[in-house]
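Please consider the following structure together with its sequence. The explanation below goes through selected residues and their surroundings.

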Amino acid sequence: MKIGLLTCQRLPDLTPADQLLIPELAKHNVTAKAVIWDDPNVIWTDFDYLIFRNTWDYYEKESQFNLWLSTIKKLGIKTLNSIDIIEQNKHKFYLRELQNQEITIIPTVFIEKTKDLNLAKIIPSHWKKAVIKPAFSAGSYLTEVFEIADINKINTQYQNIALEKDLLLQEFKPEIGTEGETSLIFFNKKFSHAVNKKPKAGDFRIQVQFGGIYTDVSPSPEVIQQAQTIVNTFPNQLLYARVDGIIINNNIQLMEVECIEPDLYFNYCEGSLQRFVNETLDLIK
């Protein structure tokens, strides 16, 4: 069995945490290697499976990534997560579908591509602060947090972006600074572990590269069950899913369900790497 662990050009050898998958899989007679998803020299049919791990530039190469997904699908190469899941999850309007299934999401306005962006007209009147970002994005790419007083300036800034990209306009929750964002991580639809992420003082971005502080946490059974309900909305197999949200009064307000290339925080929770490998083996056997 040969597995390609998909990554990007700036992380040709995977992150240090994901590099540990290679020797762990080797213990089970599975050969795994890092492979850059847009490397033209790769012979994809050499692999029995491809696992999306550190493809952290896909949103910057939207057309190229979509074409590559189509190629892998036509070749019939099995992927984890599946191409169908990736295609659904790469565009954040999936949140609207979850909302229609009575999942509580962060209050969101979904803006389809337009040449007549008018944020002042569509933003709810009671919002005091908002976040705007493309629907096809990750890692705070083209993301802005703004006070409502600055809405005309933001409207001008995003006018050209709105011509080419669907957008999400979300209410900014001050709890992101106090409670932080919690990620509940599932392998093969089973809860594994959770990490809380808080931004550094004066920032809104929780990513570690922007100074975010990460802590291993144990959510309540009620919160885990809410996340399980979200994961169960996916009909297909899921090697991994990361449910990201703000927990307010023991209830998740969902921000995202990451099924493409999330950091799974192996280095924050003992045993999580082995659980991931065990569930991988269960799905590929």
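In this predicted model, the charged end of Arg 53 is placed over the ring of Tyr 240, at 5.3 Å from the ring centre. A second arrangement of this kind involves Lys 129 and Phe 172: the charged end of Lys 129 sits over the ring of Phe 172, and 4.6 Å separate that charged end from the ring centre.

Rings also pair with one another, and the structure contains 18 aromatic pairs. One of them is formed by Trp 44 and Phe 47, whose ring centres lie 6.4 Å apart with an angle of 45° between the planes, a tilted pair. Trp 44 and Phe 47 are both buried. Another pair brings together Tyr 58 and Phe 65, with 5.1 Å between the ring centres; this pair counts as tilted because its planes stand at 45°, and the tilted class covers angles that are neither under 30 degrees nor over 60. Tyr 58 is buried, as is Phe 65. These four residues belong to a cluster linked by ring pairs, which also includes Trp 37, Phe 52, Tyr 59, Trp 68 and Phe 136.

The next residue to examine is Pro 134, which is located in strand E6, a strand spanning residues 129-134. Pro 134 counts as buried because its relative accessibility is 0%, and the limit for a buried residue is under 20%. Which residues does Pro 134 contact, apart from its neighbours within four places in sequence? They are Tyr 141, Leu 142, Lys 165, Asp 166 and Leu 167. For Lys 165, a backbone distance is also available: its C-alpha atom and that of Pro 134 are 6.2 Å apart, although 31 residues separate the two along the chain.

A further buried position is found in helix H4, which runs over residues 83-89 and contains Asn 89. With a relative accessible area of 3%, Asn 89 is buried. How far does the backbone nitrogen of Cys 259 lie from a polar atom of the side chain of Asn 89? The distance is 2.8 Å. Cys 259 is also listed among the residues that Asn 89 touches when those up to four places away in sequence are not counted; the others are Tyr 94, Val 257, Glu 258 and Ile 260.

Definitions and conventions. Residues numbered from 1 in each chain as written. Predicted model: local features only at pLDDT ≥ 70, side-chain atom pairs only at ≥ 80, totals over all residues. Heavy atoms only, no water. Helix = DSSP H or I, 4+ residues; strand = E, 2+ residues; numbered from the N terminus. Buried < 20%, exposed > 50% of the residue type's maximum accessible area, 1.4 Å probe, protein only. Polar contact = N/O pair within 3.5 Å; in protein donor to acceptor, adjacent residues only side chain to side chain. Contact = heavy atoms within 4.5 Å. Phe/Tyr/Trp six-rings, centres within 6.5 Å; stacked < 30°, edge-to-face > 60°. Lys NZ or Arg CZ within 6 Å of the ring centre and 35° of its normal.
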